[in-house]
Amino acid sequence: MSVSAALEKKIRDRTARVGVVGLGYVGLPLAVEFAGAGFSVTGIDLKEEKTARVNAGDSYVPDVPSDVLQPLVRAGKLRATTDFSVIAELDTINICVPTPLRKTKDPDMSYIVSSCQEIARHLHAGMLLILESTTYPGTTDELLLPMFEAAGLRAGSDFFLCFSPERVDPGNPTYQTVNIPKVVGGVTEACTEMGALFYRQALEHVVPVSSTQVAEMVKLLENTFRMINIGMVNEMAMMCDRMGINVWEVIEAAATKPFGFMPFYPGPGLGGHCIPIDPFYLSWKTRQAGIEARFIELAGYINGQMPHYVVDKIQNALNDRGKALKGAHVHVLGIAYKKDIDDVRESPALDVIHLLTQRWARVSYSDPYVPELHSDSLTMRSEPLEEIAPKADCLVIITNHSVFDYTRLLEQSQLIVDTRNAMKGFVSDKIVRL
Ligand SMILES: NC(=O)c1ccc[n+]([C@@H]2O[C@H](COP(=O)([O-])OP(=O)(O)OC[C@H]3O[C@@H](n4cnc5c(N)ncnc54)[C@H](O)[C@@H]3O)[C@@H](O)[C@H]2O)c1
């Protein structure tokens, strides 16, 4: 039996031993999905505390409940390790490691490179490798392929290599790993077919495309689309504010158009591991081809101004009430980058807190999902909202978590600056909207 036919058989009868490198927000849900579909799955992560928690059936990813993880671990379907030598026993690997930006806004490929170096050391014939980390177009063919072929094995015949963008939306109750269509493109046609066959075993809908570059670009189009539209609507919010128009009402009414319009909402700035970062992977790459990604730069600039705009709004609202920002107590509601999740990566709340502190405000926060904050120079602890709300000079809603009791907040507080339209429907002089 050929290498390809043997792997195909193992994938079809679910005896293929599946590996997931990087057990974070993307990797752990994927590992659980394949274990749930009957595969034996091994997760590999550098952090021992994560592998230990997985092996104890104790989830640290909110989209993966421990009572879903535990039975899979107990049944021997899912285990985790820090030891890359297990790759010698695996048939497939999904690579889900971080792809942040350097301070210069250039791609930081170090996590991909170091994990792929480890994989290359243990690569053997008959393996399927799929990169899922968001990256610039060309990564799989230009960076990964030479690393994996260095020992003499050939992609498309000896092993199979694909890119498949991860589209997971943490905290989304409707769309999760299993029912988000999965785009996959391989370095050869045989690679694409193998990748698509693999995903079809566990996911509902697979979308094969003609190359790894197309698959890489799909993700960048999706996230650049969001980033630019958010930039546009943030600018619209500033324009509406200047003209005394409620931008939220404008968007709601525009969204009644049944075609040709998709609502985006303004806010205190971009957050998370994707939207503020991924478009800069594209602009970095296109700059090398002599094209400036001007929409990305412009939206990046406008979105980057939003935390400053919010702090100006707080200052003006306090001034209007005869108070100065200097020395005022500003309490931040929600510091996660979006509602109902615990992730503070790139959260605009961090910028807002820094800027307020720079202007000598006293700052505290409440976030039931983030009991403690340790980030760069910030170390803070979530305060009990009931106690703080009546005392603070201003509450600023940065993250509109569903658990906050907004009616009670309005009763208790002196001033609320609402950057998310969380106070929709409430009429009060105490509320200042973005
Ligand atoms: N979080 C999201 O919502 C989301 C959505 C779509 C795409 N993505 C993309 O998916 C990728 C992973 O994101 P994430 O949010 O899961 O990141 P994460 O930080 O939650 O998880 C990454 C994991 O990889 C581990 N790791 C780092 N280097 C490693 C190495 N060399 N070997 C093994 N493990 C290593 C880390 O310890 C961590 O547990 C990124 O490229 C991101 O842009 C993320």
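Me: Which residues does Leu 72 touch, not counting residues up to four places away in sequence?

Reply: In this predicted model, Leu 72 touches Val 32, Ala 35, Gly 36, Lys 77 and Leu 78. Leu 72 itself is found in helix H4, residues 66-74. One of its partners, Ala 35, is 37 residues apart from Leu 72 along the chain, and their C-alpha atoms are separated by 6.6 Å.

Me: Why is Leu 72 called buried?

Reply: Its relative accessibility is 14%, and buried means under 20%. Leu 72 therefore counts as buried.

Me: What makes helix H2 mostly covered?

Reply: Helix H2 spans residues 27-36, and 8 of its 10 residues are buried. They are Gly 27, Leu 28, Pro 29, Leu 30, Ala 31, Val 32, Phe 34 and Ala 35. Two of these names, Val 32 and Ala 35, also appear among the contacts of Leu 72. Just after H2 comes Gly 38, with a positive phi of about 105°.

Me: Is Lys 182 buried or exposed, and how do you know?

Reply: Lys 182 has a relative accessibility of 4%. The limit for buried is under 20%, so Lys 182 counts as buried. Its place is in strand S7, residues 182-186.

Me: What makes the link between Lys 182 and Glu 132 a polar contact?

Reply: The side chains of Lys 182 and Glu 132 are joined at 3.3 Å, and a polar contact needs a pair of N or O atoms within 3.5 Å. Beyond four places in sequence, Lys 182 is also in contact with residues including Ser 164, Pro 165, Glu 166, Tyr 199 and His 205.

Me: How do you know that Val 21 is buried?

Reply: Val 21 shows 2% relative accessibility. Buried means under 20%, so Val 21 counts as buried. You will find Val 21 in strand S1, residues 17-21. Leaving aside neighbours within four places in sequence, its contacts include Ile 44, Phe 84, Ile 93, Val 97 and Ile 119.

Me: Which residues stand out in the largest nonpolar core?

Reply: That core has 86 residues, and those touching the most other members are Ile 93, Leu 129, Phe 148, Phe 159, Ile 314, Ile 335 and Leu 356. Helix H11, residues 294-320, gives the most to this core, with 9 residues. Apart from it lies another core of 39 residues, with Leu 23, Val 41, Leu 128 and Cys 191 among them.

Me: What is Ile 93 in contact with, leaving aside its neighbours within four places in sequence?

Reply: Ile 93 is in contact with Gly 19, Val 21, Ile 87, Ile 119, Met 127, Leu 128, Leu 129 and Ile 130.

Me: Which residues come nearest to the ligand?

Reply: Of the 28 residues around the ligand, Val 26, Asp 45, Lys 50, Thr 99 and Thr 134 come nearest. The shell divides into 14 nonpolar, 8 polar and 6 charged residues. Helix H5, residues 110-122, supplies the largest share, 3 residues.

Me: What places Asp 45 and Lys 50 in polar contact with the ligand?

Reply: An N or O atom in the side chain of Asp 45 is 2.6 Å from an oxygen atom of the ligand. For Lys 50, a polar side-chain atom lies 2.8 Å from a ligand oxygen. Both values are within 3.5 Å, the limit for a polar contact. A polar backbone atom of Val 97 is 3.5 Å from an oxygen atom of the ligand. Taken alone the ligand exposes 820 Å², and the protein buries 94% of that.

Me: Why is Asp 340 called partly exposed?

Reply: Its relative accessible area is 25%. Buried is under 20% and exposed is over 50%, with partly exposed in between, so Asp 340 is partly exposed. Asp 340 is found in the loop between strand S9 (329-333) and helix H12 (348-358). Although not a glycine, Asp 340 has a positive phi of about 65°.

Me: Why is Trp 360 called exposed?

Reply: Trp 360 has a relative accessible area of 62%. Exposed means over 50%, so Trp 360 is exposed. Trp 360 is found in the loop between H12 and strand S10 (362-366).

Conventions:
Residues numbered from 1 in each chain as written. Predicted model: local features only at pLDDT ≥ 70, side-chain atom pairs only at ≥ 80, totals over all residues. Heavy atoms only, no water. Core = buried A, V, L, I, M, F, W, Y, C linked by side-chain atoms within 4.5 Å. Buried < 20%, exposed > 50% of the residue type's maximum accessible area, 1.4 Å probe, protein only. Helix = DSSP H or I, 4+ residues; strand = E, 2+ residues; numbered from the N terminus. Contact = heavy atoms within 4.5 Å. Near = heavy atom within 4 Å. Polar contact = N/O pair within 3.5 Å; in protein donor to acceptor, adjacent residues only side chain to side chain. Areas by Shrake-Rupley, 256 points an atom, 1.4 Å probe, with all protein chains shown as cover. Nonpolar A, V, L, I, M, F, W, Y, C, P; charged D, E, K, R; others polar.
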